[in-house]
Amino acid sequence: MPVIEVTNLHKRYGTTVAVDDVSFTVEEGEIFGILGPNGAGKTTTVECIEGLRRPDSGTVTVLGLDPTSDRGQLRQVVGAQLQESELPENITVAEAIDLYASFYPNPADPAELMAELGLTEKRDTRFEKLSGGQKQRLSIALALVGNPKIAVLDELTTGLDPQARRDTWQLVEKVRARGVTIVLVTHFMDEAERLCDRLALIDGGRVVAIDSPAGLIGRVASEQTLRFRPSSPLDESVLATLPDVTDVTRDGAHYIVTGTGNLPYTVVTTLAAHDVVAAELRMDQASLEDAFVALTGRALDVEAA
Ligand SMILES: Nc1ncnc2c1ncn2[C@@H]1O[C@H](COP(=O)(O)OP(=O)(O)OP(=O)(O)O)[C@@H](O)[C@H]1O
């Protein structure tokens, strides 16, 4: 059953159309990504879901509520990550969590939440002294302190180093494992590919496609390429006649095999049957980025990365 339904959402700021026509549904328990370049309308869309902005037309329903008219009820069930500027610099981690817990009738246990988010050691540290990753973890804690059914996470890992990004991704998976539905706004392909069950590609205020990451990739490229150096000479026709193989070419000592299906398995087992080992084996597969370029006709602008 969908927990969020967005239908023909349209929102403009003066003459700027931020969201032209966006429709999607989010199912209970999934991580739903909203992926698109800067200015695509992602934040405006989730702000309409959070009741922070009123759509000019179209409808948004969240757990049966209208986010604008039922904002009070909505805040009890939707946890939003707060912007950094919303916290005073000298508040400590524990004070911030206690403060936000006081807004809710059935808040999470602050000590448990801090432990789960790896913040226990930082409980008495002031906000301004936290690292980027720690601030991010605190903002996730504040989004979860009300025990929401839905958490909206916007640009979660922007500005974080690679390790902190991976830690944050694990955290998001832990949150989902608790049964929280997650709406994740991002312009990072790897993040979307790793975390999202389904995602909406948004460009210019419109939905370009909605699918699983694998489904989106599969729409634009069903072929894979294997490159390797055979450990002993091999007749190309042995590979070229395999059912999954569409093409075999040579690049010096290397073979480049293109095909579909379970290509690596087919090729490696065939080589083994001829006592040949594939040395320096590398596989190239289309990525979400390739899918984005193919579906929108342009590369993702990552200036804010
Ligand atoms: N408060 C505002 N007033 C005027 N224009 C705005 C406002 N907020 C957003 N916009 C414009 O609306 C368009 C969509 O912005 P939005 O922030 O929703 O996109 P986004 O996909 O979240 O982008 P980003 O990844 O850069 O945050 C942009 O052209 C932006 O400049």
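Is Leu-63 buried, exposed or partly exposed, and how many other C-beta atoms lie within 10 Å? Here are some notes for a first look, with that one answered at the start.

1. Leu-63 comes out as partly exposed, because 18 other C-beta atoms sit within 10 Å, while the buried class needs 20 or more. You'll find Leu-63 in the loop between β4 (57-62) and α2 (71-77). Have a look at its backbone too: phi is positive, about 50°, although Leu-63 is not a glycine.

2. Keep in mind that this is a predicted model. The mean pLDDT of the protein is 89, and 97% of its residues reach 70 or more. As for the scores of the model, ipTM is 0.95 and pTM is 0.81.

3. Now the overall layout. The protein has eleven helices and 13 strands. Measuring along the principal axes, its C-alpha atoms fill a box of roughly 70 × 45 × 35 Å. Of the 305 residues in the protein, 37% are buried. Take the contacts between residues at least 6 apart in sequence: 70% of them join residues at least 24 apart.

4. Two domains are listed in the domain assignment: domain 1 covers 2-218 and domain 2 covers 223-285. If you compare their C-alpha centres, domain 1 and domain 2 are 44 Å apart.

5. Next, the ligand. It has 13 residues around it, and the closest are Tyr-13, Ala-18, Asn-38, Thr-43 and Thr-44. Sorted by type, this shell holds four nonpolar residues, eight polar ones and one charged one. Both β2 (16-27) and α1 (42-49) put at least two residues each into the shell. Helix α1 gives the most, with three residues.

6. While you're at α1, stop at Thr-45, which belongs to that helix. Which class does Thr-45 fall into, buried or exposed? Thr-45 counts as buried, because 28 C-beta neighbours lie inside 10 Å and the cut-off is 20 or more. Skipping neighbours within four places in sequence, the contacts of Thr-45 are Val-6, Leu-9, Val-19, Val-22 and Ile-34. You can also follow the chain from Thr-45 to Ile-210: these two are 165 residues apart along the chain, with 15 Å between their C-alpha atoms.

7. Helix α5 (residues 132-144) is a handy one for checking geometry. With 13 residues at 1.5 Å a residue, α5 should span 18 Å, and its end C-alpha atoms are 19 Å apart, so the two agree.

8. Much of the interest in α5 is in what surrounds it. Its buried residues are Gln-136, Arg-137, Leu-138, Ser-139, Ile-140, Ala-141, Leu-142, Ala-143 and Leu-144. What covers these buried residues? The cover includes two strands, β5 (78-80) and β6 (150-154), along with the helices α3 (93-101), α4 (110-116) and α6 (162-177).

9. Last, go to the loop between β6 and α6, where Glu-155 is found. Glu-155 has a positive phi of about 50° and is not a glycine. How exposed is Glu-155, going by the other C-beta atoms within 10 Å? There are 18 of them, so Glu-155 is partly exposed.

Technical notes:
Residues are numbered from 1 along each chain as its sequence is written. This is a predicted model: local features need pLDDT of at least 70, side-chain atom pairs count only at pLDDT 80 or more; totals for chains, interfaces and linings use all residues. Domain bounds come from an automatic or database domain assignment. A residue is near a molecule or strand if its C-beta atom, placed from the backbone, lies within 6 Å of it. Helices (H or I, at least four residues) and strands (E, at least two) are DSSP runs, numbered from the N terminus. Ala, Val, Leu, Ile, Met, Phe, Trp, Tyr, Cys and Pro count as nonpolar, Asp, Glu, Lys and Arg as charged, and the others, Gly among them, as polar. A residue is buried if 20 or more other C-beta atoms lie within 10 Å of its own, exposed if 12 or fewer, and partly exposed in between; C-beta atoms are placed from the backbone. Two residues are in contact if their C-beta atoms, placed from the backbone, lie within 7 Å. The expected span of a helix is 1.5 Å times one less than its number of residues. pLDDT is the predictor's confidence in each residue, from 0 to 100.
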